[in-house]
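User: Could you take a close look at the open sheet in this protein for me? I would like to follow its strands and what packs on them.

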Amino acid sequence: MPTHLLEIKDLHTYFFSKDGVNKAVNGVSLALEEDSILGVVGESGSGKTVTALSVLQLVPFPGEIVKGSITYNGRELLGMTSEEIRHIRGKEISLIFQDAGAALNPVIPIGKQVEEIVLEHTDLGGRRARALAIELLGQMGIPDAKNMLNRYPFQLSGGMAQRVLLAIGVALKPKVLIADEPTSNLDVTLQAEILHRLSLLRKENHSAIMLITHDLGVVAQMTQTVAVMYGGTIVEYTDTSRYLQSPFTPTLGRCSRRYPAWTPGSSH
Ligand SMILES: Nc1ncnc2c1ncn2[C@@H]1O[C@H](COP(=O)(O)OP(=O)(O)OP(=O)(O)O)[C@@H](O)[C@H]1O
């Protein structure tokens with residue numbers, strides 16, 4: 001029996017403004033199994049990123065999780081204090097975003113940013129954490145990692161920044177990794193490298209990965225299951241092979257077909 005590592009049930013995350021309520025995520029249910037990759041696809045604005053942010057309570061103001069349940073290894077995450085969430089973030093559940101430049105702290109050298117997560121979650125001392133940071137950055141293909149430690153994010157190319165973010169994301173071999181378009185806007189070589197790293201994490205650590213992407217090739221290569229989002233809900237949840245054969249596949253990013261609402265247990 002596969003184990004649900006992360007389970008999202010009936011999640012509702014809304015944005016409140018003076019113009020009204022944007023129901024960005026409106027009843028999403030999905031599960032991540034150990035040693036597998038779930039692809040999440042759907043047109044722009046369908047709620048993929050907000051779903052990902054909800055998992056670690058990172059939804060920005062004026063967004064709010066109004067209803068639902070998110071469990072990790074059976075433990076409810078919603079309602080946890082920020083201190084409790086901080087213990088889980090990075091070590092148990094890690095997030096990687098598309099815009100590495102924005103995700104990295106602009107005023108802290110990159111080496112320190114990698115070291116910080118190691119220091120926070122392990123017993124390693126400063127020197128060993130630094131050594132591990134160099135090793136991780138090197139593994140991610142950052143040349144001369146030792147001398148790169150003192151660089152600031154703005155001194156890196158987009159590709160390099162994405163490698164740093166990946167190093168931080170996989171540093172502690174998280175059991176759950178949520179990767180939000182980790183390879184878009186990157187050249188083909190780096191894209192392949194990053195996908196390889198994600199596959200390794202799954203293979204060596206039996207991690208569960210939620211991979212948000214617009215790229216059908218990535219879906220085909222990496223995932224076993226696909227959830228299609230539309231208008232804040234999941235409208236299709238199926239095996240990747242079936243999804244790729246499906247005549248009802250929306251044009252990714254330009255969904256033109258209105259789906260009936262998908263509910264857990266329904267077959268389409
Ligand atoms: N910070 C925010 N403030 C207000 N509304 C937001 C905010 N972030 C997202 N939204 C809204 O939430 C909805 C879902 O957005 P989300 O970013 O999750 O879509 P997405 O499927 O990830 O799109 P994309 O593929 O373009 O990344 C959209 O209507 C968006 O405008």
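Analyst: Happy to; here is a walk through the sheet and its surroundings. A word on the model before that: it is predicted, so local features need pLDDT of at least 70, side-chain atom pairs count only at pLDDT 80 or more, and totals for chains, interfaces and linings use all residues. Residues are numbered from 1 along each chain as its sequence is written.

The open sheet has six strands in the order E6-E7-E8-E3-E9-E10, and the pairing is mixed. Strands here are DSSP runs of E with at least two residues, helices are runs of H or I with at least four, and both are numbered from the N terminus; two strands pair if DSSP finds at least two bridges between them. Strand E6 (93-96) and strand E10 (233-239) stand at the edges, and because each has a single partner strand, one side of each is left without a neighbour in the sheet. From one strand to the next, the twist averages 15°, with axes fitted as lines to C-alpha atoms, for helices over the stretch in contact, and angles running from 0 to 180 degrees between N-to-C directions.

At the E6 edge, four bridges join E6 to strand E7 (residues 176-180), and the two run parallel. Here isoleucine 93 stands opposite valine 176 in E7. Helix H8 (residues 188-205) packs on the sheet, where it touches strand E3 (36-42), E7 and strand E8 (208-212); contact means that the C-beta atoms of two residues, placed from the backbone, lie within 7 Å. The direction of H8 makes about 165° with that of E7.

For context, the protein's secondary structure comes to 10 helices and 10 strands.
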